[in-house]
Amino acid sequence: MNRIDETFARLRANDQMGLFPYLTAGFPDLDATEPLAIAAIEAGADGLELGVPFSDPLADGATMQHASEIALRNGASLSWTIELTRRLRARTNAPLNLMTYYNPVFHYGVERFVEDALAAGADSVIVPDLPSGEANELLAIAVPRGLYVIQMVAPTSTAARLTEVGRLARGFVYCVSLLGTTGARSAVSDRVGTFMAEVRSHVSQPLLIGFGISRPEHVRAVRPFADAVVVGSAVADLLDATPAASRETVLRRYMEELREACDVPQVRAKR
């Protein structure tokens, strides 16, 4: 069984929400990413999204663009992120999910990417700029080998698209909570419940919600509708504003606050 499936089975059995922080590989610096990732897991994260830095991150807001620029300047790349995954896998059994735009995968070579990602211990790949209609090559190579290709949906997704996602999805479905790019917001959209209910009517896999989740009250607000949250821009902002010597301590404290919100028992919306 894929580590993602095992993790969501455990979460469901314990009535917990999953917590998946997003870390840009190579940010704030090359040496920091691995210890920060381990600190997040030790503080309660159920898995990680490892972002491959890219020069033109269309889905990302200013914070993640800034993190990507710094990581690229530091020398991070898809190859470096795969090697980071290998090092992390030697230290944790938590799910490791690579998030990348398609350009780096295309230039790396799709089959080589799938083989190297699996060998390093990755569990899935998320490619936000690869529509499902153009993902046949990646799916044909990844699915038989056991690397999950995570499907993404947004408030603009049609019923036909959601039906397709329900058919293709493995592991979990990434639900973009709002229109626009990534970035911390002051509040969760009041339309999230309706959106997530529509996704749930088409999809049986666990639902992970992201874009704008940054506070414990956000976690509590989406708890009835989602199985997990991803927190990215808020983590990057926190690390960017914290002196290097304090980053692990501050990140641990932040993860512990979110973990507490994830663990509060909650009656979920009907499936």
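These are my notebook entries on the barrel, the helix packing and a few local details of this structure, which is a predicted model.

**Entry 1: the barrel**

I began with the strands. I found a closed barrel of eight strands, running β1-β2-β3-β4-β5-β6-β7-β8, and the pairing is parallel. From one strand to the next, the twist averages 30°.

I then picked one pair for a closer look. Strand β3, residues 96-99, and strand β4, residues 124-126, pair in the parallel sense over three bridges. If you want a spot to click on, Asn-97 stands opposite Ser-124 in β4.

Next I asked which strands α11 touches as it packs on the sheet. I noted β1 (18-24) and β8 (228-231), and the direction of α11 makes about 55° with that of β1.

**Entry 2: α3 and α11**

With α11 already in view, I looked up a helix partner for it. Helix α3 covers residues 62-74 and helix α11 covers residues 233-241; their axes come within 9 Å and cross at roughly 55°. That angle makes α3 oblique to α11, since values from 35 up to 65 degrees fall outside both the roughly parallel and the roughly perpendicular ranges. I wrote the crossing of α3 past α11 down as left-handed.

Who makes the contact? From α3 I listed Thr-63, Met-64 and His-66, and from α11 Ser-233, Ala-236, Asp-237 and Asp-240. Sorted by kind, the residues of this contact are two nonpolar, three polar and two charged.

**Entry 3: α2 and α12**

My next stop was helix α2 (residues 30-42) beside helix α12 (residues 247-263). Their axes come within 8 Å and cross at roughly 30°. So α2 counts as roughly parallel to α12, because the limit for that label is an angle under 35 degrees. Here I noted a right-handed crossing as α2 passes α12.

On the α2 side, the contact is made by Pro-35, Leu-36, Ala-39, Ala-40 and Glu-42; on the α12 side, by Arg-247, Glu-248, Leu-251, Arg-252 and Met-255. I sorted these residues of α2 and α12 into six nonpolar, no polar and four charged.

**Entry 4: a salt bridge from α12**

Arg-247 had caught my eye in that contact list, and I followed its side chain. How many salt bridges does the structure hold? I have 16 in my notes. In one of these, the side chains of Arg-247 and Asp-29 meet at 3.6 Å, N to O. Why does this pair tie together parts that are far along the chain from each other? Arg-247 lies in helix α12 while Asp-29 lies in the loop between β1 and α2, so the pair links parts that are 218 residues apart in sequence. As a reminder to myself, side chains of opposite charge can pair when their charged atoms come close.

**Entry 5: the loops at either end of β1**

I stayed with the loop between β1 and α2, where Pro-28 has its place. A cis peptide bond joins Phe-27 and Pro-28, with omega about 0°. That one is worth a look on your screen.

I also checked the loop between α1 (3-13) and β1, where Asp-15 is found. Phi of Asp-15 is near 55°, a positive value in a residue other than glycine.

**Entry 6: α6 and α7**

My last helix pair was α6 (residues 110-120) and α7 (residues 136-145). These two pack at an angle of about 30°, with their axes 9 Å apart. The angle makes α6 roughly parallel to α7, and I recorded their crossing as right-handed.

For the contact, I listed Val-110, Glu-111, Val-114, Glu-115 and Leu-118 from α6, and Glu-137, Leu-138, Ile-141, Ala-142 and Arg-145 from α7. My tally for the contact of α6 with α7 reads six nonpolar, no polar and four charged.

How values were computed. Residues are numbered from 1 along each chain as its sequence is written. This is a predicted model: local features need pLDDT of at least 70, side-chain atom pairs count only at pLDDT 80 or more; totals for chains, interfaces and linings use all residues. Side-chain values use heavy atoms; hydrogens and water are left out. Axes are lines fitted to C-alpha atoms, for helices over the stretch in contact, and angles run from 0 to 180 degrees between N-to-C directions. Helices (H or I, at least four residues) and strands (E, at least two) are DSSP runs, numbered from the N terminus. Angles under 35 degrees count as roughly parallel, over 145 as roughly antiparallel, 65 to 115 as roughly perpendicular and the rest as oblique. A crossing is left-handed if the near helix is turned anticlockwise from the far one by less than a right angle, and right-handed if clockwise. Contact means heavy atoms within 4.5 Å. Ala, Val, Leu, Ile, Met, Phe, Trp, Tyr, Cys and Pro count as nonpolar, Asp, Glu, Lys and Arg as charged, and the others, Gly among them, as polar. Two strands pair if DSSP finds at least two bridges between them. A salt bridge is a side-chain nitrogen of Lys or Arg within 4 Å of a carboxyl oxygen of Asp or Glu.
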